[in-house]
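Me: Could we go through this chain together, with the general idea of each feature set out before the case at hand?

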Amino acid sequence: MEPTLGYLVWRLSMKWRSSVDRALAPLGLTHAQYVVLASLSGLSARGPEPSQRQLADHTGLEPIYVSKLARALENAKLIERPVHPDDPRAVRLVLTDRGRKTVAEAIAIVQPLMAEQTAGIGGPKGKQAKEFRETLLALLGENPSR
């Protein structure tokens with residue numbers, strides 16, 4: 001019996017998550033925490049620090065899960081969560097100096113890992129990888145030109 005696409009996507013996702021968890025363990029980060037930190041770093045570099053909700057929308061994670069991750073990252077002194085100036089019910093997420101250093105170290109670990117894991121399709125910048133990215137974005141219902 002041929003494996004279904006859903007099963008293969010799930011296996012790939014679990015393989016990726018496990019390998020990132022192992023690689024980032026020395027930094028005290030999980031894959032999910034890395035996603036929050038790296039996304040926060042990228043969004044903050046392009047404009048004002050996002051709210052928790054904006055980060056949840058960007059990552060595709062549930063807002064309650066982002067809140068839980070943000071609290072853990074705040075306890076680790078990697079981010080701060082000040083009240084949003086435009087909405088007292090919302091909080092902004094801001095990288096601390098330690099958070100900026102940690103996310104830079106984490107990205108330096110994850111990028112070669114991504115290159116290694118995508119080598120079979122030409123690496124992250126290969127033609128097959130670009131086509132795969134477009135396919136994944138289409139399956140996620142997102143605009144591939146983002």
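Me: Which pattern of helices and strands does the chain follow, read along the sequence?

Reply: Helices (H or I, at least four residues) and strands (E, at least two) are DSSP runs, numbered from the N terminus. In this chain the pattern reads α-α-α-α-β-β-β-β-α-α, that is, six helices and four strands. This is a predicted model, in which local features need pLDDT of at least 70 and side-chain atom pairs count only at pLDDT 80 or more, while totals for chains, interfaces and linings use all residues. Residues are numbered from 1 along each chain as its sequence is written, and side-chain values use heavy atoms, with hydrogens and water left out.

Me: Is lysine 15 buried or exposed, and why?

Reply: Buried means under 20% relative accessible area, exposed over 50%, and partly exposed in between (1.4 Å probe, protein chains only). Lysine 15, which is found in helix H1 (residues 5-24), counts as exposed because its relative accessibility is 54%. Across the chain, buried residues make up 29% of the 146 residues.

Me: What separates the C-alpha atoms of lysine 15 and glutamine 117?

Reply: These two residues lie 102 residues apart along the chain, and their C-alpha atoms are separated by 9.6 Å. For the chain as a whole one counts contacts, meaning heavy atoms within 4.5 Å; of the contacts with a separation of 6 or more, 43% are accounted for by residues 24 or more positions apart.

Me: What does the C-alpha trace span along its principal axes?

Reply: The C-alpha trace of the chain spans about 55 × 35 × 30 Å along those axes.
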